[in-house]
Amino acid sequence: MSRLGFVSSRCLSWSRTSTLKTIKRTFLSEAYPCREAWDKRLESPILKKVNLQTLYQEIDWHYSETGKINAIDADIFINANTKKGYMEDVEDIVRKLRATTDTSSTFPSSHHAVVRIMLDAGKEDTLLKMLNDRITYGIYPDHYCTNLLMDSFIKQGKYAAAARVAVLQMLQEDWENPLATRLSLYSCHMYLKNLDQPWYCEGELVPPAPEPKEVVKIRVKYIIKPYFDNHFDLKDPMVLVGKTLSMFSSKVGGSEQLATSYFLLGLTLQQKWEDVMELTNTLIKNKKQVHREILGIAQKHIEVKQVEETSTEQKPASKPAKSDPAQEAKEAKLKAELETKLKVSETLRSLEVSAIDADLLAETSTLVKDAVKQLETKQIEEQKQLYSKWDEDRLAALKVHQEELRKEEALQRIAQQKEELAQKEREIFFFDIEDKLDLMIEEKEEALSKIDNKYTKLKEDKAAKDAEYVPPEVFKRAQ
């Protein structure tokens with residue numbers, strides 16, 4: 001990009017003001033999106049005349065030349081976009097910025113702008129992919145964007161998408177905002193009532209490569225042991241939703257029956273059978289009540305798993321084979337899990353005697369509405385102040401960036417002038433310092449010779465080690 005930053009005259013033109021469609025009210029009011037304050041950013045002297053296409057080309061060229069993207073340039077490009085802007089280029093800039101050392105300097109307004117413009121442009125699939133791939137894109141929505149996303153998806157009936165946003169809160173272990181936490185519970189509950197909706201977007205999950213028919217030995221330096229952290233590595237939608245329910249159940253401030261019901265359902269969806277048995281027995285012993293609806297969902301989930309495992313266990317073999325200890329161990333494990341689930345199912349049935357028939361979803365909805373009454377006005381005002389602050393921070397950061405570029409250019413000019421003067425000095429006094437120059441040439445040739453010898457020796461040692469190396473046997477890990 002231009003050495004004076006994005007404000008090159010080639011990067012300036014009048015931008016178009018976005019026109020956002022009116023959103024019907026679900027939980028949040030029409031004032032919550034702060035559309036006027038959000039659109040007002042385009043009146044900033046920095047964003048007002050940005051030519052998006054030229055700016056993207058400048059940033060992309062600078063990245064290809066230096067491997068770097070300045071966070072202020074990326075922030076200006078992202079915020080200057082509207083729903084009719086360059087969504088693919090926004091995704092590309094975010095991905096490239098994440099791969100540079102300046103990713104730690106990403107502005108909060110950049111995270112916010114990515115979420116808002118993708119949502120306004122109807123690019124929900126792309127947005128969810130970016131939010132879910134934190135390593136590649138590094139976009140973390142704040143509480144305001146989280147609430148806006150879940151409310152928008154609930155309004156559209158996209159409960160799987162709303163639940164995915166709720167899961168992001170769980171993965172960050174963030175329950176500071178009561179409104180976001182309660183909306184998360186509501187979104188997960190609605191997803192469980194609409195399991196026909198796909199969790200992952202088309203093309204988001206890459207299917208594993210088929211196993212080769214022949215044994216292939218690969219030369220490796222060392223074998224990385226498989227590791228599963230039971231948190232960020234989770235992929236099963238039911239387990240993710242279950243962990244969200246169990247984590248947030250005690251954070252929403254509802255009744256004891258509500259918290260206990262969601263916690264029990266969360267443990268069941270996570271398949272933590274020992275914990276389910278322990279909690280169920282404790283509830284029976286203390287004569288505590290849970291919602292009947294939760295028991296129905298839990299029983300249905302257990303029955304589905306039982307059917308899947310039973311069909312796997314009873315699948316006839318294509319031909320009689322020799323005794324396989326690994327297969328026998330796998331079948332024994334499946335049988336033990338099936339027996340455990342039958343016990344869990346019977347224990348859950350014992351809770352139905354004292355279960356209450358109150359509408360759990362309605363109670364959760366009431367909690368959300370209470371949080372909206374208490375926090376909505378405050379969050380709207382805070383967000384408007386943030387928009388103004390971000391404009392000021394962007395202007396200040398741009399001035400600092402331009403000053404740094406000017407200093408860098410000045411230093412480069414000085415270094416170039418010094419090199420030119422030194423060259424002229426060598427030309428003028430060549431015969432006076434001829435002996436000295438010859439000595440310098442000899443020293444450089446000797447240093448290069450040592451480097452070549454060292455590199456040749458290392459290459460020979462590596463070739464000898466590779467010739468003696470025997471690769472270990474590589475076995476497929478038991479599923």
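Author: Buried means under 20% relative accessible area, exposed over 50%, and partly exposed in between (1.4 Å probe, protein chains only). This is a predicted model: local features need pLDDT of at least 70, side-chain atom pairs count only at pLDDT 80 or more, and totals for chains, interfaces and linings use all residues. Residues are numbered from 1 along each chain as its sequence is written, and side-chain values use heavy atoms, without hydrogens and water.

Reader: What is the mean pLDDT of the protein chain?

Author: pLDDT is the predictor's confidence in each residue, from 0 to 100. In this chain, 87% of the residues reach 70 or more. The mean pLDDT is 84.

Reader: Over which residues does pLDDT stay under 50?

Author: For this stretch the model has 71 contacts beyond four places in sequence, a contact being heavy atoms within 4.5 Å. Where pLDDT is low, the predicted coordinates should not be read in detail. The stretch covers residues 1-24.

Reader: Which residues touch the most other members of the largest nonpolar core?

Author: A nonpolar core joins buried Ala, Val, Leu, Ile, Met, Phe, Trp, Tyr and Cys residues through side-chain atoms within 4.5 Å. The largest one here has 108 residues. Those touching the most other members are Leu179, Leu192, Leu245 and Leu348.

Reader: Which helix gives the largest share of this core?

Author: Helices are DSSP runs (H or I, at least four residues), numbered from the N terminus. The largest share is 12 residues. They come from a helix spanning residues 360-428, namely α15.

Reader: How far apart are the closest N and O atoms of Asp75 and Arg394?

Author: The two form a salt bridge, meaning a side-chain nitrogen of Lys or Arg within 4 Å of a carboxyl oxygen of Asp or Glu. Asp75 is in helix α3 (residues 71-80) and Arg394 in helix α15, 319 residues apart in the chain. Asp75 is buried at 0%, and Arg394 is also buried, at 2%. The closest N and O atoms are separated by 2.7 Å.

Reader: Is Asp391 buried or partly exposed?

Author: Asp391 forms a salt bridge with Arg394, at 2.9 Å. Both lie in helix α15, 3 residues apart, about one turn of the helix. With a relative accessible area of 23%, Asp391 is partly exposed.

Reader: Which residue meets Glu403 in a salt bridge?

Author: Glu403 is partly exposed at 36%. Its partner also lies in helix α15, 3 residues away, and is partly exposed at 40%. The side chains meet at 3.5 Å, N to O, and the partner is Arg406.

Reader: How many salt bridges does the structure hold?

Author: Some link up: Asp60, Asp92, Arg95 and Lys96 share a network of salt bridges. The structure's total is 14.

Terms used:
Helix = DSSP H or I, 4+ residues; strand = E, 2+ residues; numbered from the N terminus.
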